[in-house]
Amino acid sequence: MISEAGLSFNLIQTERQNHARELVQGLSLSEWDAIVTVSGDGLLYEVLNGLLERPDWEEAVKMPVGILPCGSGNALAGAVNQHGGCTSSA
């Protein structure tokens, strides 16, 4: 879907716990438009903490972060959607 939309992206697969946190801490954020996690809540947690632990955290937290929920519970993604005004018709 992303390719069909004409968006360029780099897929980075994490290899261990806190890998995403480490990757985000070392990113040159000016080279990226956004960070999107495709996972459960844990990877998003790592990405956000990685941004907050950077020396330039005040700028880093302005980076758009997206969630494509693919975990077993997705509680955080559900809460973000609910508080963002999205509703589901289940």
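Is histidine 19 buried or exposed? At 11% relative accessibility, histidine 19 counts as buried, and its place is in helix α1. This is a predicted model, so please read every value below as computed from the predicted atoms. Here is a friendly tour of the core, a buried arginine, the salt bridges and a nonpolar surface patch.**The nonpolar core**
- Eight residues make up the largest nonpolar core: Ala20, Val24, Leu29, Ile35, Val47, Leu51, Ala60 and Met63.
- Two or more residues of this core come from each of α1 and α2 (41-52).
- In soluble globular proteins, nonpolar side chains tend to be buried together.
- Leucine 29 touches Leu51, Arg54, Ala60 and Met63, when residues up to four places away in sequence are not counted.

**Histidine 19**
- Beyond its neighbours within four places in sequence, histidine 19 is in contact with Gln13, Thr14 and Glu46.
- Histidine 19 counts as buried because its relative accessibility is 11%, with the cut-off for buried set at under 20%.

**A buried arginine**
- Arginine 54 is found in the loop between α2 and α3 (57-60).
- With a relative accessibility of 8%, arginine 54 counts as buried.
- A polar atom of the arginine 54 side chain lies 3.2 Å from the backbone oxygen of glutamine 25.
- Not counting residues up to four places away in sequence, arginine 54 touches Val24, Gln25, Gly26, Leu27, Leu29 and Ala60.

**Salt bridges**
- How many salt bridges does a search of the whole structure find? The search finds four, and three of them are described here.
- Arginine 21 forms a salt bridge with glutamate 53, and the closest N and O atoms are 2.7 Å apart.
- This pair links distant parts of the chain, with arginine 21 in helix α1 and glutamate 53 in the loop between α2 and α3, 32 residues apart.
- Glutamate 53 is partly exposed, at a relative accessible area of 41%.
- Glutamate 22 and arginine 16 also meet through their side chains in a salt bridge, at 2.5 Å from N to O.
- Both partners are partly exposed: glutamate 22 has 39% relative accessibility, and arginine 16 has a relative accessible area of 44%.
- Glutamate 59 pairs with lysine 62 in a salt bridge, where the closest N and O atoms are 2.9 Å apart.
- In this pair, glutamate 59 counts as exposed at 52% relative accessibility, and lysine 62 counts as exposed at 57%.

**The nonpolar surface patch**
- Which residues form a nonpolar patch on the surface? They are Ile2, Leu7, Phe9, Leu11, Val36, Val38 and Leu68, with about 690 Å² of accessible area together.
- Isoleucine 2, one of the patch residues, sits in the segment before α1 (19-26).
- Isoleucine 2 is partly exposed, with a relative accessible area of 38%.
- Valine 38, also a member of the patch, lies in strand β1 (residues 35-39).
- Valine 38 touches Leu68 and Cys70, leaving out residues up to four places away in sequence.
- The C-alpha atoms of valine 38 and isoleucine 67 are separated by 6.3 Å, although these residues are 29 residues apart along the chain.

Notes: Residues numbered from 1 in each chain as written. Predicted model: local features only at pLDDT ≥ 70, side-chain atom pairs only at ≥ 80, totals over all residues. Heavy atoms only, no water. Patch = residues over 30% accessible without salt bridge, like charges linked within 9 Å, V, L, I, M, F, W, Y side chains within 5 Å. Areas by Shrake-Rupley, 256 points an atom, 1.4 Å probe, with all protein chains shown as cover. Helix = DSSP H or I, 4+ residues; strand = E, 2+ residues; numbered from the N terminus. Buried < 20%, exposed > 50% of the residue type's maximum accessible area, 1.4 Å probe, protein only. Core = buried A, V, L, I, M, F, W, Y, C linked by side-chain atoms within 4.5 Å. Contact = heavy atoms within 4.5 Å. Polar contact = N/O pair within 3.5 Å; in protein donor to acceptor, adjacent residues only side chain to side chain.
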